[in-house]
Amino acid sequence: MLSKIADDEILKRNVLFQVSLNSANVFYRHKLMPGAKLKEHQTAIKSIELMDKMKINFDVSIVAATNIIPMSDIVETIKYVDNFTPHSYIRVALPTATKHHDPKLLRTKEELCEIDNIITSLRPSVKAPIITTVALENRSGLNAVIEEVIPNSAADLAGIESGDEIISIDGCKVRSRTEANLILSRAWYQKKENISMEIKKNSGKFQTYQISQGLEKNNPRMAGEKAVGLFGMLMHDDVDFGIFEKIAELQKKHNLKYPHIFTGKVIEPFFEEALSKLENDEKVVNLHLNAVENKYFGGNVSIAGLLTFGDLFEKFNELKAQKQNVDAIFISQSMLSRGGFDLKGIHINEFMAQCGIPIFAIKARTGSI
């Protein structure tokens with residue numbers, strides 16, 4: 001299959017393989033993925049070398065399952081992959097587990113942060129950019145700090161470096177990583193030839209960069225996923241301030257006096273900071289933020305998209321017991337199917353009737369709140 005791709009220049013230019021390598025050691029890979037034979041694992045590992053030789057583009061994913069394979073092997077796998085120059089980056093997924101999994105799979109927040117610290121410490125010695133998911137557990141503040149710069153991208157050619165912080169883009173002040181990604185996204189799809197960025201360097205010095213898209217504007221891969229990687233700058237999404245503007249509109253329309261946001265634990269501290277940065281039409285009167293624990297899945301699952309109405313109802317009853325006023329609840333659209341059902345099959349209208357107050361599902365421009 002790779003030979004056929006290599007012989008077709010158009011196909012070779014447009015194909016990008018996402019390789020779930022996980023380990024470059026055949027025995028550890030077999031331990032993590034026992035369904036295949038050792039020989040098949042060896043073939044999978046060797047495919048990296050083969051694609052590099054044939055100049056076929058690939059990126060690599062690694063699950064940092066430190067309960068199954070040692071951290072030292074994850075480090076060695078990253079170094080192995082780096083020898084063959086991935087197209088965009090090496091993605092390392094931080095392990096999570098539910099209450100239905102083997103308890104040995106569970107990792108505390110502190111353990112996840114330590115894994116993230118070890119992986120990101122490799123960045124200065126590895127050529128390929130490294131991104132980690134879900135990494136907001138180990139980040140603080142809304143500052144739009146660039147985690148990595150894709151080699152030979154517009155940002156790289158302009159001289160922007162990992163650790164630089166975006167202050168403004170084309171004169172527009174940036175308040176969060178997501179806001180930076182949204183502004184860059186707009187410039188990207190408008191095919192702007194040049195953008196101006198005010199950057200705060202690690203040294204504390206402020207510098208203005210002119211970024212030119214050049215031929216990149218016709219390369220959809222450089223748009224990354226959910227606007228991550230635009231112009232070659234890798235940043236994790238955090239808070240879309242546009243959701244507050246939507247909530248403010250609904251507050252005015254429905255005369256809401258005690259609105260509450262129910263969201264996951266990971267994003268709560270970022271939302272807290274965002275509330276202090278709201279401007280004009282984004283300001284919501286008396287808005288309360290509530291982090292909801294995922295009781296349905298349990299484990300260390302803490303993102304809003306995997307909450308259920310049962311989890312939310314428990315938090316709602318807790319607020320009632322505390323005699324807090326609640327006249328509307330805002331939740332993430334990512335909790336719901338297109339038909340309005342949660343992961344347990346309960347419809348939003350059923351939950352609304354149970355609470356006796358309006359429930360609004362809000363969709364951020366980057367996917368969820």
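Okay, let's start with one term: buried here means under 20% relative accessible area, exposed means over 50%, and partly exposed is anything in between. Also keep in mind that this is a predicted model.

With that cut-off, take Glu148. It has a relative accessible area of 7%, so it counts as buried. You'll find Glu148 in strand E6, residues 148-149. So what does a buried Glu148 form a salt bridge with? The partner is Arg123, and the closest N and O atoms are 3.4 Å apart. Arg123 sits in the loop between helix H6 (109-120) and strand E4 (130-133), which puts the two residues 25 apart along the chain. Arg123 has 15% relative accessibility, so that one is buried too.

Glu148 also has company from the backbone: the nitrogen of Ile130 lies 3.1 Å from a polar atom of the Glu148 side chain. And if you zoom out a bit, Glu148 and Arg123 belong to a salt-bridge network that also takes in Asp116, Arg139 and Glu147.

General point before I go on: side chains of opposite charge can pair when their charged atoms come close. How many salt bridges turn up in the whole structure? The search finds 18.

Another of them is Arg175 with Glu282, where the closest N and O atoms are 2.8 Å apart. Arg175 is in the loop between strand E8 (172-173) and helix H8 (177-189), while Glu282 is in the loop between H10 and E13, so this pair ties together parts that are 107 residues apart in sequence. Both ends are buried. Arg175 also lies over the face of Phe241, at 3.9 Å from the ring centre.

For a local pair, look at Glu318 and Lys315, with their closest N and O atoms 3.3 Å apart. They're three residues apart in helix H11, so about one helical turn separates them. Is each one buried or partly exposed? Glu318 is partly exposed at 37%, whereas Lys315 counts as buried at 15%.

Right, on to the rings. There are eight aromatic pairs in the structure. One of them is Phe244 with Phe271, a tilted pair at 5.8 Å centre to centre and 55° between the planes. Phe244 is in helix H9 (residues 242-254) and Phe271 in helix H10 (residues 268-275), so to speak distant parts of the chain, 27 residues apart. Both of these Phe residues are buried.

Then there's Phe313 with Phe351: the centres are 6.5 Å apart and the planes at 80°, so that pair is edge-to-face. This one links helix H11 to helix H12 (residues 348-355), across 38 residues. Phe351 has a relative accessible area of 0%, so it is buried. Phe313 and Phe351 are also part of one aromatic cluster, along with Phe309 and Phe316.

One more buried spot: Val326, in the loop between H11 and strand E14 (328-332). Val326 has 14% relative accessibility, and its C-alpha is 6.2 Å from that of Pro259, which is 67 residues away along the chain.

Last stop is the surface. Val134, Tyr296, Ile303, Leu306 and Leu343 form a nonpolar patch there, with about 370 Å² of accessible area together. Where is Ile303? It's in the loop between strand E13 (288-291) and helix H11 (309-321). At 37% relative accessible area, Ile303 is partly exposed.

Note on methods
Residues numbered from 1 in each chain as written. Predicted model: local features only at pLDDT ≥ 70, side-chain atom pairs only at ≥ 80, totals over all residues. Heavy atoms only, no water. Patch = residues over 30% accessible without salt bridge, like charges linked within 9 Å, V, L, I, M, F, W, Y side chains within 5 Å. Areas by Shrake-Rupley, 256 points an atom, 1.4 Å probe, with all protein chains shown as cover. Salt bridge = Lys/Arg side-chain N within 4 Å of Asp/Glu carboxyl O. Helix = DSSP H or I, 4+ residues; strand = E, 2+ residues; numbered from the N terminus. Buried < 20%, exposed > 50% of the residue type's maximum accessible area, 1.4 Å probe, protein only. Phe/Tyr/Trp six-rings, centres within 6.5 Å; stacked < 30°, edge-to-face > 60°. Lys NZ or Arg CZ within 6 Å of the ring centre and 35° of its normal. Polar contact = N/O pair within 3.5 Å; in protein donor to acceptor, adjacent residues only side chain to side chain.
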